[in-house]
Amino acid sequence: MNMETNHWVCMMCERDCSDGIHILSQFICTECEQDMCRTEVEDDLYDYFVSRLRSLWGEMMTLDPEQNGST
Ligand SMILES: [Zn+2]
């Protein structure tokens, strides 16, 4: 399929989603974003989110600022 529907793969749940937020090259669907907000620190899920986000922070560190925002 090569239609111009806006679907991305969520970095958290790895599902195809149309609604969510983009962080750098990653995408987090609305559901996971809300999950993150609800997740308590002592929750098992929290560790999962943190480990996922850690790779994102790593990407931020290596990011060339001039490339930020281009396509
Ligand atoms: Zn998700």
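Two strands count as paired when DSSP finds at least two bridges between them. That idea is handy straight away in this predicted model, where strand S3, covering residues 20–23, lines up with strand S4, covering residues 26–29. The two run antiparallel, and four bridges join them. One of the residues involved is Ile23, whose bridge partner in S4 is Gln26.

Between S3 and S4 sit just two residues, and the whole arrangement is a hairpin. Leu24 belongs to the loop that links the two strands. Its backbone is a bit of a curiosity: the phi of Leu24 is near 55°, a positive value in a residue other than glycine. Most residues other than glycine have a negative phi, so a positive one is worth pointing out. As for its surroundings, Leu24 has 14 C-beta neighbours inside 10 Å and therefore counts as partly exposed; a residue would need 20 or more to be buried, and 12 or fewer to be exposed.

Glu14 shows a positive phi as well, this one near 60°, and it too is a residue other than glycine. Glu14 lies in the loop that runs from strand S1 (8–9) to strand S2 (16–17). Only 12 or fewer neighbours make a residue exposed, and Glu14 falls into that class because it has 10 other C-beta atoms within 10 Å.

Next comes helix H2, which takes in residues 44–61. From its first C-alpha to its last, H2 reaches 26 Å over 18 residues, close to the 26 Å expected at 1.5 Å a residue. H2 is also hardly covered: of its 18 residues, the count of buried ones is zero.

Phe49 is one of the residues in H2. It has 16 C-beta neighbours inside 10 Å, so Phe49 counts as partly exposed. What does Phe49 touch, leaving aside residues up to four places away in sequence? The contacts are Met12, Met36 and Thr39. Phe49 can also be placed relative to Cys13: the two are 36 residues apart in sequence, while their C-alpha atoms are 10.0 Å apart in space.

Conventions. Residues numbered from 1 in each chain as written. Predicted model: local features only at pLDDT ≥ 70, side-chain atom pairs only at ≥ 80, totals over all residues. Contact = placed C-beta atoms within 7 Å. Expected span 1.5 Å × (residues − 1).
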